[in-house]
Amino acid sequence: PPGPPDKVAVEEITDSTAQLSWTPGRDNGSPITGYIIQARTPFTVGWQAVDTVPEVVNGNMLTATVVGLNAWVEYEFRVVARNIVGLGEPSPASAKTRTEDTIPDTAPTDVGGGGGTKSELVITWEPLSEELQNGEGFGYIIAFRSVGMVKWTRAIISTPGVSRYVLRNDTIRPFSPFDVKVAAFNNRGEGPFSSIATVYSAEDVPSVAPKMVRARSLSAAEIEVIWEILPSLPERVLGYEV
């Protein structure tokens, strides 16, 4: 197999691409037929093959453009040559180079919530990994509105790792439905919002007691208790305790 290529360098880098160059190693008596580009980041396990333009890097080429990179992530690259005998040893790694920043291109997932205490709306989501934050100044935008309303209310959270927001307002009725969506932002701008989820505000204890409670003897060991079903309440009634 061929010897390792050398002098792998990043000539130009954007938020999602990197143009590489290298010098060939020894062909060891069998012409080099192609090259494979590999990359690693602080978020990957070892070296991974990456997509390039052109898709197939033939043995006569000493440059290629790596595509599909994540923004604002530090990358190292290396090159492996092959010939008819097989794959050679990889080149030394290039210098670590960070891709440029850009606005977030991924929306938070698993948006939901509910629970909490009286007069609260609890909103939760799965936070984006550091690899997908795409730049500095990262945070979240939480938008919510009562179901049936048009206007959205927005809240800003500037803590990257947070996954929960609690709105406290005495005007929130118990177990009321809200439309909720969450987006990420950084210093470059706002990313896309998640799909809209329906989240209910916190419940409260029933505000009235059952009426018309009466009992009658059924046997020496049994009593039947009867009451009037509660009317529709703002609070959700799950059952009764005798």
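**Exercise 1.** In which strand is the place of Lys 7? Describe its backbone and its exposure too.

*Solution.* The model is predicted.
- Step 1: locate the residue. Lys 7 sits in strand E1, which covers residues 6-13.
- Step 2: read the backbone. The phi of Lys 7 is positive, about 55°, although the residue is not a glycine.
- Step 3: set this against the general pattern. Most residues other than glycine have a negative phi.
- Step 4: judge exposure. The cut-off for exposed is over 50% relative accessible area. Lys 7 has 61%, so it counts as exposed.

**Exercise 2.** Treat Asp 110 in the same steps: find its strand, its phi and its exposure.

*Solution.*
- Step 1: Asp 110 belongs to strand E10, residues 109-113.
- Step 2: its phi is about 55°, a positive value in a residue that is not a glycine.
- Step 3: the relative accessible area of Asp 110 is 60%, so the residue is exposed.

**Exercise 3.** Find the cis peptide bond that leads into Pro 54, and place Pro 54 in the chain.

*Solution.*
- Step 1: check omega. From Val 53 to Pro 54 omega is near 0°, and the bond is cis.
- Step 2: recall the usual case. Most peptide bonds are trans.
- Step 3: place the proline. Pro 54 lies in the loop that links strand E5 (52-53) to strand E6 (57-58).

**Exercise 4.** Is Lys 181 buried or exposed? Work out its surroundings as well.

*Solution.*
- Step 1: locate it. Lys 181 is part of strand E15, residues 177-186.
- Step 2: apply the cut-off. Buried means under 20% relative accessible area. Lys 181 has 17%, so it is buried.
- Step 3: list contacts, leaving out residues up to four places away in sequence. Lys 181 touches Ile 141, Ile 142, Ala 143 and Trp 152, and also Phe 193, Ser 194, Ser 195 and Ile 196.
- Step 4: compare sequence and space. Thr 109 is 72 residues from Lys 181 in sequence, and their C-alpha atoms are 9.7 Å apart.

**Exercise 5.** Do the same for Val 242.

*Solution.*
- Step 1: Val 242 falls in the segment after strand E19 (223-228).
- Step 2: its relative accessibility is 78%, so Val 242 counts as exposed.
- Step 3: outside its neighbours within four places in sequence, Val 242 is in contact with Val 225 and Trp 227.
- Step 4: Ile 226 is 16 residues from Val 242 along the chain, with 9.9 Å between the C-alpha atoms.

**Exercise 6.** Describe the two stretches that UniProt lists as "domain: Fibronectin type-III".

*Solution.*
- Step 1: take the limits from the record. The unreviewed UniProt entry gives residues 4-102 and 107-204.
- Step 2: residues 4-102 are 0% helix and 42% strand, with end C-alpha atoms 34 Å apart.
- Step 3: residues 107-204 are 0% helix and 50% strand, with end C-alpha atoms 32 Å apart.

**Exercise 7.** Why is the protein described as more spread out than a compact globule?

*Solution.*
- Step 1: count elements. The protein has 0 helices and 19 strands.
- Step 2: compare radii. The radius of gyration is 30 Å, whereas the globule rule gives 18 Å for 242 residues, so the protein is more spread out than a compact globule.
- Step 3: add the box. Along the principal axes, the C-alpha atoms fill roughly 105 × 45 × 25 Å.
- Step 4: add burial and contacts. Of the 242 residues, 36% are buried. Among contacts with a separation of 6 or more, 61% join residues 24 or more positions apart.
- Step 5: add the surface. About 14000 Å² is exposed, 51% of it supplied by carbon and sulfur atoms.
- Step 6: add charge. There are 20 positive and 29 negative charges, and their mean positions are 5 Å apart.

Definitions and conventions. Residues are numbered from 1 along each chain as its sequence is written. This is a predicted model: local features need pLDDT of at least 70, side-chain atom pairs count only at pLDDT 80 or more; totals for chains, interfaces and linings use all residues. Side-chain values use heavy atoms; hydrogens and water are left out. UniProt positions are given in the numbering used here, feature names are shortened, and annotations may be inferred rather than shown by experiment. Helices (H or I, at least four residues) and strands (E, at least two) are DSSP runs, numbered from the N terminus. The radius of gyration is taken over C-alpha atoms; the globule rule is 2.2 Å times the number of residues to the power 0.38. Buried means under 20% relative accessible area, exposed over 50%, partly exposed in between (1.4 Å probe, protein chains only). Contact means heavy atoms within 4.5 Å. Accessible areas come from the Shrake-Rupley method with a 1.4 Å probe; for residues, only the protein chains shown count as cover. Lys and Arg count as positive and Asp and Glu as negative; His and the chain ends are not counted. The place of a charge is taken as NZ of Lys, CZ of Arg, CG of Asp or CD of Glu.
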